[in-house]
Amino acid sequence: MKKNKGLFCARLKGAEIATGDYIAFIDSDDYVTIDFYNCLVKNALKNNSDIVIGKTIFERDREDRYVNNLHDCCFLFEELNGEEVRESYFKQKGLCFSWHTVWNKIYKKGLWDRCFLYYQKITEHLIMTEDIAFSTVLFYYANKVTTIQNEGYFYCQNGDASTNVENITIEKFEKNIKDVRLVFDFVNDFFKEVNVQQWIRDDFFETKKYYSRMWRELGDRVFLGNRKARANKVMDEFIPDYKEHTTEDDHFFESINTRWNGGLEYIKEQIITGDYEYISFDIFDTLICRPLYNPTDLFYMLDKKFEELYKTNISFYKIRITAESIARKKENSLNPAFQDVNIDEIYTYISTEYNIPNDIAQLMKEEEKKLEIQLCSQRKSVKELFDAALISGKKVIIVSDMYLDEETIIKILNKNGYYGYEKLYLSSTLRLTKNNGALFKRVLEDLNVSGNKILHLGDTWQNDITNAKAVGIETMFIPKALEVFENKIPNICTNNCAYIAKSACGIVQDPKGYINSLGFRSMLAIVANKYFDNPYRSFNEFSDFNIDPYFMGYYAVGMHMAGIVKWIVEESEGKEYENIHFMSRDGYLPMKIYEKYYEIYKNAPEAKYIYTSRKSLLPGMLINELDFYDLPVEFRNHTPKTILSLLKFCSKEVDKDVEVQLKNNGILYSKAFGNEEEYNHFMKYYLKNLYDEIKHQEAYNIAKDYYSILNGKKDVTFDLGYSGRIQGAVSELSGEGINVYFIHSDSKKSDSVKRKHKFKINSFYDFTPNMTGLIREHLFSDPGPSCIGFNKKEGGISPKFEDEEKDFQDLFIVDLIQRGALDFTRDYITAFREYIKYIPFKSQEVSLVFEGMLINAKDFDRRIFKASYFEDLVYGARDRINIYDFIKNEIEILKSENSILSLDSGMDYSSMIEKILWGRNRIIKCIIYAMFDRKILKEKVKTKLKDKPIIFKACKKGYKILKKIFR
């Protein structure tokens, strides 16, 4: 009998004797979904992948299965190639363990054999973190990694497993750390042998520190006395002099879970294991999806061709709709047995009823068929069901109500990979429909089988489920993606997902109006088809966006960016701008989106990127001494020390005695300014004693050289905007007024700045939206370091960047949001490229989803920002503003203020004031907002609040102040 050498060696031995093209591992207490390995291998063969990654489903027991949202978010890509593989694996620094677990993946045997030479160097009994040893080498050598999204590996969380630490002994702790140390030493030896890049070594050391934090914290928590000393000793040997414990950010990737929805898995099991001879599929919204909210929206797009062929004011949409209605009535009277019409008959009536020449009608018919083929795309999750039926030996048939001819339907199916079906049953050919069950009866007669031998899958409850069951056919429901999105399917909850735009409408805008916009609703259809392709995807019951940053980016940010780009293009028409310069850092994503739309809007200004920041532009903001008293800062957040740091570019060299010098002049070096007088006192001292005019001029000249590329007639810039001070400095340094596109501007400072610097501001919003500034900048900004100034070198001026790098968790979330927005842009352009002008939308209207997300998304969705931070060293003198806390604080303020502003004189003031008292706003301010009539106030205070002494006292005080204000 061979000695047990541990899990690592056991896996090596199994892989050594394997003969297949791919290697996979499954632990003894785990299992997989029924089609897991088939989907992995199929994906690997299609893409020639080295590694394919599947979903992980965590199981406490059969009634408690869940997915880890942020782990799944790590694999929301179709493929990674070359250096992308190494960057994705090493940059996450071990924070998401699903990257290195070996059991949720398959590996090409050739890749495994290459790595096997290194694995053989480990001969000891190894259990703990052995996955890291395997995966680090595999991902280092892999050239292509792909993913599947629906099938998964059930990881059963066994309390007796070797990795369980709930009841760990000191001996087990020491053995575990020995294993961990062995693995990290093995990997580092591998790095030396293959001479890896330094950034990989650095990032892997961060992984080691992460494991050190976790294990040291465990040791400190569970051991006392001598045992604790032993635990500390092995940890000191692991990383000497490193005693950190984990933080909340370390646990970020494990922080959000959602109950797993196994609906698709259940249907697949029925297809594969059920006693069926035939599996039947509906076509439209089941096998196939279209980027249209209503199927008839396609007819609007036919206007493009119709306008080329025929001069008339009538929309072809109206002609097409009316003609089909006429065709159904007349053909039914001519042929009562016919339950459906076909496209040939519809276009015959278009010609005869509207006196449109037959040749033009025929051209329009061909255009409609071409558009249908062009717009139809594969519904991936149902394609998996289709393939599962074929691979399990079942016969596949397709049954559909559709006026399109069979030739066109076959082209649509072929285009989207649907081959191998036995028969196609179409209402347009057979003249029978599902509506009364006649089409299903014909299927049974033609196949000569009983209904229980057919399993039919479709998206329409009455026609595909009820009517099929009525003739004895077994059924499974595949809800329309759009209906899942709109929360219309019982037992599938998507909350306010589809209606978040409505929540941003307020009382001025018609909340139903945007759905009448063809462009808006087409965008909704694209979003629904993308995200709810699998109608049974796991969706968190406490969220509106499934706590998914990619979905937020694809849906909310993607639509918002479409609105902004359309607005820029329309505003640029006739202005002869050659270039639009997107200003860093928050112009980064808008520029990336704009570049994609530029493929369509060829006459729009060309996109350029120009580095800017408040800090880098300070030399151009401070033109004379008075400007130093109006720095772009919130002085109460600053100290003399932080101001001196900002003004380093124009300050004399400050020695260590500066603190003493300031103190002797009544200025405390590290104390925040309490009022404007203190700030002015310091600035007066600074200008007299510490200011260096020559250095200032040098910095000014360098910045001037950089911005000299801008031309007031040919160039316009884009910025999120607000006060216009940055644009004022840009105009000052470029030597002329440079016009700018803002998302929004303020109502006082911007007017003054643009007047003084002779530029124009064109704002996307002609009002100030809620949740301004920080969060928008965070989502749109370049993920790289901020520009803090400029350097003069041979050959020109180059931007100077800060050294600090954001944490991976932060970069990860922003990257997913931005990637989602870019993917939406790609999908929208792909669907409607040549029809953009025929799919109209209002720019601010499609931005309602984004505004609704910022203000009204659920708290669970905002938790994606719990490990995200923003730096505001200039204005706010803060370098780590937590995004989640910032949004939460803003929302609380907005809710408080909105609840006040929505009050009227007919309300119960006692309960209203009681609510206000415990809110964030000052009681006096609240009363002023809420009560505009002194007599009403006095009466309510006397009659309604007598039994509430605290509130009554507060309101009496408020009333006295109000009397002074209004007299």
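# Close-up views of a predicted model

**View 1. A salt bridge links E174 and R230.** In this predicted model, E174 and R230 form a salt bridge, and their closest N and O atoms are 2.9 Å apart. The two partners come from distant parts of the chain: E174 belongs to helix α7 (residues 170-194) and R230 to helix α9 (residues 225-238), with their positions 56 residues apart in the sequence. How buried or exposed is E174? E174 counts as partly exposed, at 24% relative accessibility. R230 is partly exposed too, with a relative accessible area of 28%.

**View 2. D131 and R11 meet in a salt bridge.** Here the side chains of D131 and R11 come together, with 2.7 Å from N to O. D131 sits in helix α6 (residues 130-141) and R11 in helix α1 (residues 6-17), so this pair ties together parts of the chain that are 120 residues apart in sequence. Are these two side chains' residues buried or exposed? D131 has 8% relative accessibility, and because that is under 20%, D131 counts as buried. R11 is buried as well, with a relative accessible area of 5%.

**View 3. E407 and K411 pair up within one helix.** This time both partners of the salt bridge belong to helix α17 (residues 406-415). The closest N and O atoms of E407 and K411 are 3.7 Å apart. Why does about one helical turn separate E407 and K411? It's because they are four residues apart in the helix. E407 has a relative accessible area of 51%, and since exposed means over 50%, E407 is exposed. K411, at 43% relative accessibility, is partly exposed. Elsewhere, R320, E324, R328, D340 and E368 are joined into one network by salt bridges that share partners. If you'd like the overall tally, a search of the whole structure finds 66 salt bridges.

**View 4. Five strands make an open sheet.** Follow the strands across and you get the order β13-β12-β9-β14-β15, with parallel pairing. Which strands stand at the edges? They are β13 (423-426) and β15 (474-477), and each has a single partner strand, so one side of each is left without a neighbour in the sheet. On average, neighbouring strands of this sheet are turned by 20° against each other, direction ignored. Helix α20 (residues 461-470) packs on the sheet and touches β14 (454-458) and β15. The direction of α20 makes about 160° with that of β15.

**View 5. Strand β9 has a partner on either side in the strand order.** In that order, β9 comes between β12 and β14. Strand β9 (residues 278-281) pairs with strand β12 (residues 395-400) in the parallel sense, over four bridges. Along this pairing, Y278 stands opposite K395, and F281 stands opposite I398. How many bridges hold the pairing of β9 and β14? There are four bridges, and the sense is parallel. Here S280 stands opposite H456 in β14. Both faces of β9 are covered: Y278 and S280 are buried on one side, and I279 and F281 are buried on the other.

**View 6. R431 and N546 have positive phi values.** Neither R431 nor N546 is a glycine, yet each has a positive phi. For R431, phi is near 65°. R431 lies in the loop between α18 (427-430) and α19 (438-447). R431 is also buried, with a relative accessible area of 11%. For N546, phi is near 60°. Where is N546 found? Look in the loop between α22 (518-531) and α23 (549-572). N546 counts as buried, at 5% relative accessibility.

**View 7. A cis peptide bond runs from S584 to R585.** Take a look at the backbone here: the peptide bond from S584 to R585 is cis, with omega near 0°. Which elements flank the loop that holds R585? The loop runs between strand β16 (579-583) and helix α24 (588-597).

Terms used: Residues numbered from 1 in each chain as written. Predicted model: local features only at pLDDT ≥ 70, side-chain atom pairs only at ≥ 80, totals over all residues. Heavy atoms only, no water. Helix = DSSP H or I, 4+ residues; strand = E, 2+ residues; numbered from the N terminus. Buried < 20%, exposed > 50% of the residue type's maximum accessible area, 1.4 Å probe, protein only. Salt bridge = Lys/Arg side-chain N within 4 Å of Asp/Glu carboxyl O. Pairing = 2+ DSSP bridges. Axes fitted to C-alpha atoms, helices over the stretch in contact; angles between N-to-C directions. Contact = heavy atoms within 4.5 Å.
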